[in-house]
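Hi,

Here is the structure I promised to pass on. Have a look at it first, and then read my notes underneath.

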Amino acid sequence: MSELLQQVINGISLGSIYALIALGYTMVYGVLRFINFAHGDVFMIGAFVGYYVAPRILPLTGGSLLLAGPLAMVLAMIVCSALGVTIEKLAYKPLRFRPKLSILITAIGISLFLEFGGQLLFGPDGYLYIATGDGGGAGDQHGTCGNGQSRASLLGKLLRLDVRGVAPSSLPPDCGGTTAVYGIPTDNPFAAGPGGDCDEIWAYGLRNPWRSAFDEATGDLYIADVGQNCWEEIDYVPGPAAGGENFGWRMMEANHCYNNSTPNTCDPTPASCAGVPACKDPSFTDPIAEYGHGSGCSITGGFVYRGCLMPNLAGAYFYGDYCSGFIHSLRVVGGVATDPRDWTGQLDPGSTLTNSLTGFGVDQQGEPYLVDRKGTILKILPPLSDLEVAGRNTLQPLLLLAAAWTWEDLAFDTMAPVVSYRVYRGVPGGSFACVFTTPTPQWTGGDPASPAVGHVFGYVVTAVGPSGEETKGGDPPVSLLPGSCP
Ligand SMILES: [Ca+2]
Ligand SMILES: [Ca+2]
């Protein structure tokens with residue numbers, strides 16, 4: 001098991017819009033897929049982009065939607081004050097504006113506040129999934145039995161929409177109103193035309209789904225749903241799924257009953273509400289994991305790791321808690337959460353994420369990031385000793401060209417903190433000695449030495465970090481002689 005370290009890639013002030021746009025350009029090589037902010041999301045997903053959940057005081061038209069095109073840089077951003085209730089600046093850099101999405105989001109955003117939920121993500125089926133909160137106010141006291149349990153409401157839901165025209169036979173908008181222009185996949189679980197259940201619904205019974213994720217390898221869906229006063233939960237649906245799950249809120253809070261008349265009681269007498277299932281009804285889909293407010297207070301859902309730099313983590317689902325700042329992982333095996341791990345001490349030994357961990361993201365290579373409320377974006381990396389320069393699968397192998405020897409720019413490719421590179425020379429099967437040091441990924445002219453007739457030289461390049469740690473010398477590693485470099 002590798003030890004992770006965290007690397008600050010950009011200390012972004014939420015007051016600096018240009019810093020973020022600059023970051024977008026920095027990432028233009030397809031790195032950044034999305035980043036989440038406390039009260040505003042920036043997305044950069046292959047075909048399109050973003051949405052953020054507006055605090056209620058904001059106008060719901062215009063400023064609540066951010067878009068960028070297929071190849072876009074950013075996009076967009078929202079800057080909130082420290083309290084997250086006022087917009088200081090708003091800008092976006094649309095490369096291909098798609099106004100129909102503006103209508104879509106505006107229609108749905110009407111009564112979101114407090115429990116924002118709020119996330120856009122594309123599923124493996126190409127449809128757009130939107131997670132919505134229950135509409136706010138403690139205990140989801142909306143309507144007869146709450147918005148979460150009402151299939152006539154778009155709130156407290158995971159919605160599934162066709163915004164790309166991938167389903168020519170899709171149904172027209174239902175609860176989104178006549179001005180919405182998305183389509184509804186005909187196989188949505190409650191799609192039956194105008195009226196009755198909202199055709200947009202994919203799953204329901206959610207309170208404040210603060211970040212959902214699909215496992216890109218399996219299509220499994222993870223929803224981290226923020227609890228009321230007692231329990232935080234992770235909901236899970238193996239993919240590909242038919243939808244229709246009822247995750248229980250407000251009749252249940254995680255695996256426990258919830259009762260509006262005793263909201264601070266963590267295992268109360270079950271409530272009843274005419275027309276919806278009672279607590280622990282078998283029709284509810286229970287979470288695969290929960291934790292009480294002794295160890296946190298507001299879950300921040302993460303991602304299933306499918307990157308390359310930390311193969312030992314493949315398939316692990318990462319999540320955190322806003323309040324305690326912990327970062328945990330689990331693995332779902334046969335529908336059961338296994339292998340719980342706590343990464344907090346390694347990733348955040350200074351507890352800087354306490355009352356601050358707001359979101360996770362992954363880049364185009366599947367490598368993970370996290371965002372804190374102070375405006376810092378951190379990349380999760382393996383220790384430098386787990387990395388390899390110009391390794392087997394890198395785009396820039398070690399090239400011994402006449403003009404210059406070149407190799408992978410590891411700092412560029414991974415954002416690892418590289419101070420210098422070392423070139424080692426040796427013979428296959430033997431030891432390698434350092435013959436050159438350089439801060440840049442090249443050696444003009446290459447090695448002036450030549451092997452004797454009938455012999456060969458082998459070369460290995462490593463990268464060295466700020467405290468002297470070094471990448472591994474090949475795979476499998478060759479023997480690198482300690483000692484100084486020229
Ligand atoms: Ca309907
Ligand atoms: Ca639930």
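Below is what turned up when I went through it, starting with the whole chain and then moving to a few places in detail.

One thing to keep in mind from the start: this is a predicted model. The protein has 486 residues, and 47% of them are buried. Its secondary structure is mostly a matter of strands on the list, with 29 of them next to 4 helices. As for how the chain folds back on itself, take the contacts between residues at least 6 apart in sequence: 59% of these join residues at least 24 apart.

Now to the part I'd look at first, strand 8. How many of its residues are buried? The strand covers residues 157-161, and 5 of the 5 are buried, so the rest of the structure largely encloses it. Lys157, Leu159 and Leu161 point one way, while Leu158 and Arg160 point the other way. Lys157 and Arg160 are buried along with the three leucines.

Strand 8 also has partners. Strand 7 (residues 128-132) runs antiparallel to it, and 4 bridges join the two. Strand 9 (residues 201-204) pairs with strand 8 as well, again in the antiparallel sense, over 3 bridges. Leu159 is a handy residue to click on here: it is the bridge partner of Ile130, and its own bridge partner in strand 9 is Ile201.

The same stretch shows up in the largest nonpolar core, which has 83 residues. Leu158 and Leu159 are among the residues with the most contacts inside that core, and so are Tyr129, Tyr222, Tyr317, Phe318 and Val461. Which domains does the core draw on? At least three of its residues come from each of domain 1 (5-382) and domain 2 (386-480).

Tyr129 deserves a closer look too. Setting aside neighbours within four places in sequence, Tyr129 is in contact with Leu158, Leu159 and Arg160, and also with Leu121, Gly123, Trp202 and Ser212.

Finally, there is a little sheet to find elsewhere in the chain. It is an open sheet of 3 strands in the order 23-24-27, with antiparallel pairing. Strand 23 (399-400) and strand 27 (442-444) are the edge strands, each pairing on one side only. Between strand 23 and strand 24 (residues 404-406) there are 2 bridges, and Leu400 stands opposite Trp405 of strand 24.

Happy browsing!

Definitions and conventions. Residues are numbered from 1 along each chain as its sequence is written. Chains are lettered from A and ligands numbered from 1 in the order in which they are written. This is a predicted model: local features need pLDDT of at least 70, side-chain atom pairs count only at pLDDT 80 or more; totals for chains, interfaces and linings use all residues. A residue is buried if 20 or more other C-beta atoms lie within 10 Å of its own, exposed if 12 or fewer, and partly exposed in between; C-beta atoms are placed from the backbone. Two strands pair if DSSP finds at least two bridges between them. A nonpolar core is a set of buried Ala, Val, Leu, Ile, Met, Phe, Trp, Tyr and Cys residues joined through C-beta atoms within 7 Å. Domain bounds come from an automatic or database domain assignment. Two residues are in contact if their C-beta atoms, placed from the backbone, lie within 7 Å.
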